[in-house]
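Subject: Model handover and notes

Dear colleague,

Here is the model we spoke about. Please keep it open while you read the notes below it.

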Amino acid sequence: MLDTGFSESRLPHEGVLAILAPSDGAPSALYAQADAATDGALSRAAKAADFSFAAKASCVVLAPGAGLDRVVLIGLGPRDGIDARVAEQAGGAIASALGKVAARATVALDTLSGGLAAHVALGAVLGAYRFDSYRTTWREGEAWKLEGLEFVGADPAGAKAAWTPLSAVARGVLLCRDLVNEPANMLRPDTFEARITKLRDLGVEVEVLDRDAMHKLGFGALLGVGQGSSVPPRTVIMRWNGGAEGEAPVAFIGKGVTFDSGGISIKPAGGMEEMKTDMGGAAAVVGTIAALAGRKARVNAVGVVGLVENMLSGDAQRPGDVVRTASGQTVEVLNTDAEGRLVLADVLWYAQERFRPRFMVDLATLTGAIVVSLGNERAGLFSNDDTLAQQLATTGEGVGDRLWRMPMCASYLELLRSDIADLKNIGGRAGGSITAAKFLECFVNKVPWAHLDIAGTAFAHKGTACVPKGATGFGVRLLDALVREHYEG
Ligand code: BES
Ligand code: MN
Ligand code: ZN
């Protein structure tokens, strides 16, 4: 993670400087000072480039004088519109502008409050993320250089205080991205478990259910998905106990299919590599628990993830097989590629029965159909509880993990009736993300529950300022903020 420091406003005498400034009102003091020190080079460059300090815009000025190698002007837009999101985008713009050219830079924060300053840092840290541990050669100008930013502004103490919890959230997002970006030969159920076990350093209790334990619990659906892989599946339980003793926990459940070949109902070759990201729900749960523990959230939270590889072999599950779930309901597996719902069926049931949570939210890269419905802009939100759904939708807008609520009418369930078992695992092409959600609902009793279908949002083929291309970390900020806004204290 990028190094960050906060200190009093001052003009550096050398190196690289980024200056944040709004598009209206008095020019920021440090901008005026730097402009004077460079004999007006900055304002001349801004004028020549028609740069108006609009939000997200930036303007690079090379060797303007006063010993500076490079100054980047970053727009904040109108002063009264500067909120946490604008601050984060500005941070992301700094990372984009300097990432490949400077190792360190000073960032002048204008008159931003300490709280907003911390969000600039968050945007910069998220935007400066790169997954390049497997690259050994680079073309000129391609490698990431930026290592640290020193933020100078009006309220360094306030910024530091606000950054402490936000940095824990940033770490959770980056952990989630690292897990999702990891190729599937490197991250299988066993190695994924090992990565989760590291959360013990943060005070998280980690417990593992191996194949025998899951067999005893009757996890026939999850075990059926994993039976074709040479690495046995496991369910991993994380507990962060930061709340009152005995208080019911909030529960987060994740689909952790470390690779989804489709099984015997094999997927087409084109794009199959993206199925290394089919554990994006589990990664978001791990990132969320890391964030909550890292900032010592005053809440009891459990995370439960089903880790399994959906592979082909002589032992692989066949289309037409019938499995018995932990709930007792039987499922006819008509398509081995509709495996996520089979994994979640057992894990949801288990989490509900064992922990009696205040609510459950599951995250899963569950259906291609949700990508058809909502594209890559929003995740599908399915819920049996209007309050929880509303909280998630509103919180998501605030942190940029955007959701869209989908219908859950009883009639969709009719599409899942099997001729020989209680349910079949596919409902046909029509309404594919909804029938998947209705399937999950069969394994949830009275508890408030929401399902987030993140198939379109866990991985970005195109980057933005705060979300470079690749794994997005979708869900971590959302669930952390959900807890902070509604379930803490
Ligand atoms: N993991 C996939 C869904 C997916 C698609 C995730 C695209 C990320 C990007 C899931 O297991 C799957 O294969 N779903 C099938 C269900 C169908 C067989 C009913 C699908 O969406 O085609
Ligand atoms: Mn599948
Ligand atoms: Zn899948």
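The notes below cover a metal site, a ligand and one threonine.

This is a predicted model, in which local features need pLDDT of at least 70 and side-chain atom pairs count only at pLDDT 80 or more, while totals for chains, interfaces and linings use all residues. Residues are numbered from 1 along each chain as its sequence is written, chains are lettered from A and ligands numbered from 1 in the order in which they are written, and side-chain values use heavy atoms, with hydrogens and water left out.

Zinc site

The zinc ion (ligand 3) has as its protein donors Lys255 (NZ), Asp260 (OD), Asp278 (OD) and Glu339 (OE), at 2.0 to 2.4 Å. Donors here are N, O and S atoms within 2.8 Å of the metal (3.2 Å for Na, K and Ca); water is not among the atoms, so sites may look incomplete. The site is octahedral, with 6 donor atoms and angles of 78 to 175° among them. For six donors, octahedral requires opposite donors over 155 degrees apart and all others between 65 and 115. Ideal angles for six octahedral donors are 90 or 180 degrees.

Along the chain, the donors follow the spacing K-x4-D-x17-D-x60-E. Lysine 255 is in strand β9 (residues 250–260) and glutamate 339 is in the loop between β12 (330–333) and α10 (340–355), so this pair ties together parts 84 residues apart in sequence. Helices (H or I, at least four residues) and strands (E, at least two) are DSSP runs, numbered from the N terminus. Lysine 255 is buried, at 1% relative accessible area, and glutamate 339 is buried, also at 1%. Buried means under 20% relative accessible area (1.4 Å probe, protein chains only).

Aspartate 260 bridges the zinc ion (ligand 3) and the manganese ion (ligand 2), which are 3.1 Å apart.

Ligand 1

Lysine 255 also has a side-chain N or O atom 3.2 Å from an oxygen atom of ligand 1. A backbone N or O atom of glycine 368 is 2.7 Å from an oxygen atom of this ligand. Both are polar contacts (pairs of N or O atoms within 3.5 Å). The protein covers 78% of the 520 Å² of accessible area that ligand 1 has on its own (Shrake-Rupley method, 1.4 Å probe).

Threonine 472

Threonine 472 sits in the loop between β19 (470–471) and α14 (476–487) and is buried, at 13% relative accessible area. Its side chain reaches the backbone nitrogen of phenylalanine 474 at 3.0 Å.

Regards

Conventions: Buried < 20%, exposed > 50% of the residue type's maximum accessible area, 1.4 Å probe, protein only. Polar contact = N/O pair within 3.5 Å; in protein donor to acceptor, adjacent residues only side chain to side chain. Tetrahedral: all angles 85-135°; square planar, octahedral: opposite > 155°, others 65-115°.
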